[in-house]
Amino acid sequence: MGTKKIKISHQRDKCIGCGSCASYAPNYWRMNAEDGKADLIGGKEKGNVIVVEIEKDDLAQNKKAAKACPMQIIKVHDE
Ligand code: SF4
């Protein structure tokens, strides 16, 4: 049935643009040249957060990004 997808979310309005997420998981996070905040690549808006599904293999790097985020606005929903 394929690999189970894991969701990550980003509360973009609170992002201070420190760049940590993009350095830990560059395939998922990119700094936006316009407003200096991080963009969750391929993400879709859901309420006040941006959400994307990741592969299980990419869980560790996104967990590192979430842990490193000084604003704690990256959530990994892996339960
Ligand atoms: S680590 Fe957090 S505050 Fe820093 S750029 Fe990424 S989302 Fe924004």
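Author: Ile8 stands opposite Val52 in E5. The model discussed here is a predicted one.

Reader: What makes E1 and E5 a pair of strands?

Author: Two strands count as paired if at least two bridges are found between them. Strand E1 (residues 6-10) and strand E5 (residues 49-54) have 5 bridges, in the antiparallel sense, so the criterion is met. Besides the position of Ile8 opposite Val52, Lys7 has Glu53 in E5 as its bridge partner.

Reader: How do you know that E4 is paired with E5?

Author: The cut-off is again at least two bridges, and 3 bridges join strand E4 (residues 44-46) to E5, the two running antiparallel. E4 and E5 are therefore paired. One contact point is Lys44, whose bridge partner in E5 is Val51. E4 and E5 form a hairpin with 2 residues between them, and Gly47 in the turn has a positive phi of about 65 degrees.

Reader: What joins E1 to E6?

Author: The two strands are joined by 4 bridges and run antiparallel. At least two are needed for a pair, so E1 and E6 qualify. In E6, Ile74 is the bridge partner of His10.

Reader: Why is Leu40 called buried?

Author: The term requires 20 or more other C-beta atoms within 10 Å. Leu40 has 23, so Leu40 is buried. Leu40 is found in strand E3. Setting aside neighbours within four places in sequence, Leu40 is in contact with His10, Tyr28, Trp29, Ile50 and Val52. His10 and Leu40 are 30 residues apart in sequence, while their C-alpha atoms are 7.1 Å apart in space.

Reader: Why does Gln72 count as exposed?

Author: Exposed means 12 or fewer C-beta neighbours. Gln72 has 11 inside 10 Å, and therefore counts as exposed. Gln72 is placed in the loop between helix H2 (59-68) and strand E6 (74-77).

Reader: What is notable about phi of Gln72?

Author: Phi of Gln72 is near 55 degrees, a positive value in a residue other than glycine. Most residues other than glycine have a negative phi.

Reader: How do you know on which side of H2 the buried residues lie?

Author: The buried residues of H2 are Asn62, Ala65 and Ala66. They cover an arc of only 100 degrees around the axis, so they lie on the same side of H2. The face turned away from that buried side carries the exposed residues Ala60 and Lys67. The buried residues of H2 pack against E1, H1, strand E2 (29-31), E5 and E6. Ala25 touches Gln61, Asn62 and Ala65, not counting residues up to four places away in sequence.

Reader: Which residues have the most contacts inside the largest nonpolar core?

Author: They are Cys21, Ala25, Tyr28, Trp29, Ala65, Cys69 and Ile74, in a core of 15 residues. Helix H1 (20-24), strand E3 (38-40), E5 and H2 each supply at least two residues of this core. In soluble globular proteins, nonpolar side chains tend to be buried together.

Reader: What makes a residue part of the shell around the ligand, and which residues are the closest?

Author: The cut-off is a C-beta atom within 6 Å of the molecule. The ligand is surrounded by 15 residues, and the closest are Cys15, Cys18, Cys21, Ala38 and Cys69.

Reader: How many residues of that shell are nonpolar, polar and charged?

Author: The shell divides into 11 nonpolar and 4 polar residues, with no charged ones. Cys counts as nonpolar in this division.

Notes:
Residues numbered from 1 in each chain as written. Predicted model: local features only at pLDDT ≥ 70, side-chain atom pairs only at ≥ 80, totals over all residues. Core = buried A, V, L, I, M, F, W, Y, C linked by C-beta atoms within 7 Å. Contact = placed C-beta atoms within 7 Å. Arc of directions from axis to C-beta.
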